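Student: I'm new to this structure and would like to look closely at one part of it. Could you take me through the links between its cysteines, and then through one strand and its surroundings?

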Amino acid sequence: MRRLLLATLLLVSVQQATAHAGGCFRACLSERITSSDDDVVMRDAMRACRDQCTREETAALKAEGLYDDYATCKPQPLTEDEFRRVRSANPSFTVQINVLVWELSNPLPDKVIRAVEVSTQSMSLSDAAFTTRTVIPPRHTATIVVMDFFDGYPGARFANKLTRIEACPVK
């Protein structure tokens, strides 16, 4: 009986570790949506998960004593080399039901990522940029979620691109 209990506890801990390996956002979303949910329910779940994960990330940074310094720094655009390092270290974002999702890791050892700008085209094919604020210290990962990100005409979806990242030096 004792071995069965230990095996069960081990299985549960492995499942939890696997769920969190994909990040807070994915783990949260997998618990909240089903294949039969409509777009509105899925978007509401995405918004709730974004908010929940942001609270968790903020709490973790506060526990490390990092949040106040990082949240008040004055960000500047990354250099071209830094931009390429961040971009190449992260797989592409996805856009589904007009929500952009990007699990973003910060590979820069001396910078805190504070803002990410992504651009697309509107229905009239005008450029539109979306900027989201964040706090991603070195060696940390956060999920960028931009609600109401217009996905464009099928032929214009190739216009979606990461256009700018702002960061500030680690104090």
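**Disulfides, then strand S6**

Tutor: Let's start with the link of Cys-73 and Cys-168, which is left-handed, with -40° about the S-S bond. This pair bridges distant parts of the chain: Cys-73 sits in the loop between helix H4 (67-71) and strand S1 (76-77), while Cys-168 belongs to strand S7, 95 residues apart. Please keep in mind that you are looking at a predicted model. In it, the sulfur atoms of Cys-73 and Cys-168 are 1.7 Å apart. Both ends of this link, Cys-73 and Cys-168, are buried.

As a reminder, a disulfide is a covalent bond between the sulfur atoms of two cysteines. This protein has three disulfides by the rule used here. Let's visit the other two.

One of them joins Cys-24 to Cys-53, with an S to S distance of 2.1 Å. The link of Cys-24 and Cys-53 is left-handed, at -90° about the S-S bond. Here, too, distant parts of the chain are brought into one link: Cys-24 is in helix H2 (residues 24-32) and Cys-53 is in helix H3, 29 residues apart. Cys-53 has a relative accessible area of 4%, so it is buried, since buried means under 20%.

Next comes the disulfide of Cys-28 and Cys-49, whose sulfur atoms are 2.1 Å apart. The link of Cys-28 and Cys-49 is left-handed as well, with -80° about the S-S bond. Because Cys-28 lies in helix H2 and Cys-49 in helix H3, this pair ties together parts that are 21 residues apart in sequence. Cys-28 counts as buried, at 4% relative accessibility. Cys-49, at 0% relative accessibility, counts as buried too.

If you number the bonded cysteines along the chain, the disulfides follow the pattern 1-4, 2-3, 5-6.

Now follow helix H3 to the strand I'd like you to see. Strand S6 belongs to an open sheet of three strands, in the order S2-S3-S6, with antiparallel pairing. Strand S2 (94-96) and S6 are the edge strands of this sheet, each pairing on one side only. On average, neighbouring strands of the sheet are turned by 20° against each other, direction ignored. Helix H3 (residues 39-63) packs on this sheet and touches S3 and S6, and the direction of H3 makes about 145° with that of S6.

How many bridges hold strand S3 and S6 in their pairing? Strand S3 (residues 99-105) pairs with S6 over six bridges, in the antiparallel sense. You can pick out two of the facing pairs by eye. Trp-102 stands opposite Ile-144 in S6, and the bridge partner of Glu-103 in S6 is Thr-143.

Is strand S6 enclosed or open to the outside? Five of the six residues of S6 (residues 141-146) are buried, so the rest of the structure largely encloses this strand.

Ile-144 makes a good place to pause, as it is part of strand S6. With a relative accessible area of 3%, Ile-144 is buried. What does Ile-144 touch, once its neighbours within four places in sequence are left aside? Its contacts are Leu-100, Val-101, Trp-102, Leu-104, Val-116, Thr-132, Thr-134 and Ile-136. One of these, Thr-132, is 12 residues from Ile-144 along the chain, and the C-alpha atoms of the two are separated by 7.5 Å.

Finally, let's see what lies on either side of S6. In the loop between strand S5 (127-136) and S6 you will find Arg-139. Is Arg-139 buried or exposed? Arg-139 is exposed, with a relative accessible area of 71%. The backbone deserves a glance here, too. Most residues other than glycine have a negative phi. Arg-139, however, has a positive phi of about 65° although it is not a glycine.

Another such residue is found in the loop between S6 and strand S7 (161-169), where Asp-148 has its place. Asp-148 is not a glycine either, yet its phi is positive, near 60°. That loop leads us back to strand S7, the home of Cys-168, where our walk began.

Technical notes: Residues numbered from 1 in each chain as written. Predicted model: local features only at pLDDT ≥ 70, side-chain atom pairs only at ≥ 80, totals over all residues. Heavy atoms only, no water. Buried < 20%, exposed > 50% of the residue type's maximum accessible area, 1.4 Å probe, protein only. Helix = DSSP H or I, 4+ residues; strand = E, 2+ residues; numbered from the N terminus. Pairing = 2+ DSSP bridges. Axes fitted to C-alpha atoms, helices over the stretch in contact; angles between N-to-C directions. Contact = heavy atoms within 4.5 Å. Disulfide = S-S within 2.5 Å.
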